[in-house]
Amino acid sequence: MTQKYDLRVALPILIALALAAYVLFPGYLGLFSTIFIVATFALSYDLLQGYAGIVSLGHAVFFGIGAYTVAILGGAGITDPILTLLAGLMINAAVAGLLARIVVTGNDFTRLLVTLGVGFLFFEAANQAHWLTGGADGLASFTVGEIFGLFRFDMWGRTAFFYTLAILVIVYLAVWRITTSPFGLALRGIRENTTRMHAIGSPVSRHMAVTYVLSGGLAGLAGAALAQTSNFASLDMLGFERSAEVVVMTALGGTGSIPGVVLGATIFTWFKDMLSAISPRYWHLGIGLFLMASVFVLPDGLAGIPARVQRWLRRRS
């Protein structure tokens, strides 16, 4: 998909579909809010893998830290949603900055192992720090205030719907702007041929580190939004399963495609919710079969469908 298509067509369609869903399915606003949050998280990860070529198995660390930031600040009396949302962004950017040096060093395999190790370390640290994170019980005794002092999170999910949709649109625009800038073009070059980028004098390590910081900060926004809308923060928010899921969602949608990743996150979250409602014990089996089928049917993800259709039409003509 072209860059102009992403912004001029895909984003308006996304907003229009979201508003139509609000009107047509008012009983599913909670699920839609979750989809918007998960799509935001997937976009943050796609910035890292789809453009810088860094595969991470510990990206949920930033998601979880964002959630715990809201919970801890809320418990301390800092309840303004915008303030705690920005705190989640900044704290995660700082944590990513501290980790960036060890993550970007080495090759793809070592980065995979390092990010996996970072994920396990943070998970165990959060589990042991019961006094701060609530351990396995999580944190629920915190308050989330009104947005701009006007809009309270209601039990029907109306405020959460528009709040999380606004966050998704902002992150969509941010990722689009980053990836269409000269910096984004440099990231594509790093992803395609790191050796050649080194040869032309591009600061490869610095670009990758900056991308890691940006990606971590945006992931923190998603985690903070989930804690605010669910009024809960728990260990599973920074666990390996969530890190693996975001990798799957990105691959399903098509790495490097902003609309594709949003669509992949939407389908994955909806399908997961549907299967867990049908079979709370065995829904993982359905997810596994669905993912295996998608790999064979859509090797380039959902974003690759237009190109496959064009090739098919050319063969037919």
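## The largest pocket

In this predicted model, the largest pocket holds about 760 Å³ of space. Of the 28 residues that line the largest pocket, Leu14, Leu17, Ala18, Leu263 and Thr266 are the closest to its centre.

Several helices take part in this lining, and those that give two or more residues to it are H1, helix H2 (29–51), H7, helix H12 (258–278) and helix H14 (305–316). The largest share of the lining comes from H12, which contributes 8 residues.

## Aromatic pairs

The structure holds 10 aromatic pairs. One of them joins Tyr22 and Phe162, whose ring centres are 4.8 Å apart and whose planes are at 55 degrees, and this pair is tilted. Because Tyr22 lies in helix H1 (residues 3–24) and Phe162 in helix H7 (residues 158–180), the pair ties together parts that are 140 residues apart in sequence. Tyr22 has a relative accessibility of 23% and counts as partly exposed, a value that lies above the 20% under which a residue is called buried. Phe162 is likewise partly exposed, with a relative accessible area of 39%.

The rings of Trp270 and Phe271 have their centres 6.3 Å apart, and since their planes are at 40 degrees, this pair is tilted; the angle falls between the limits of 30 degrees for stacked and 60 degrees for edge-to-face rings. The two partners fall into separate accessibility classes: Trp270, at 44% relative accessibility, counts as partly exposed, whereas Phe271, at 16%, counts as buried, because buried means under 20% relative accessible area.

## A cluster of rings

Tyr22 and Phe162 also belong to a wider arrangement, in which ring pairs link Tyr22, Phe32, Phe36, Phe161 and Phe162 into a cluster. Within this cluster, the tilted pair of Tyr22 and Phe162 is the link described above between helix H1 and helix H7, and both of these helices are also among the elements that give two or more residues to the lining of the largest pocket.

## A nonpolar patch on the surface

On the surface, Tyr282, Leu285, Leu289, Met292, Val295, Phe296 and Val297 make a nonpolar patch of about 820 Å². One of these residues, Met292, has its place in helix H13 (residues 283–297). With a relative accessible area of 49%, Met292 is partly exposed, because the class of exposed residues begins over 50%.

Conventions: Residues numbered from 1 in each chain as written. Predicted model: local features only at pLDDT ≥ 70, side-chain atom pairs only at ≥ 80, totals over all residues. Heavy atoms only, no water. Phe/Tyr/Trp six-rings, centres within 6.5 Å; stacked < 30°, edge-to-face > 60°. Helix = DSSP H or I, 4+ residues; strand = E, 2+ residues; numbered from the N terminus. Buried < 20%, exposed > 50% of the residue type's maximum accessible area, 1.4 Å probe, protein only. Patch = residues over 30% accessible without salt bridge, like charges linked within 9 Å, V, L, I, M, F, W, Y side chains within 5 Å. Areas by Shrake-Rupley, 256 points an atom, 1.4 Å probe, with all protein chains shown as cover. Salt bridge = Lys/Arg side-chain N within 4 Å of Asp/Glu carboxyl O. 1 Å grid on protein atoms, 1.4 Å probe; cavity = no way out; pocket = protein on both sides within 12 Å on 5 of 7 lines; lining within 4 Å. Points joined across faces, edges and corners; volume = space filled by probe spheres on them.
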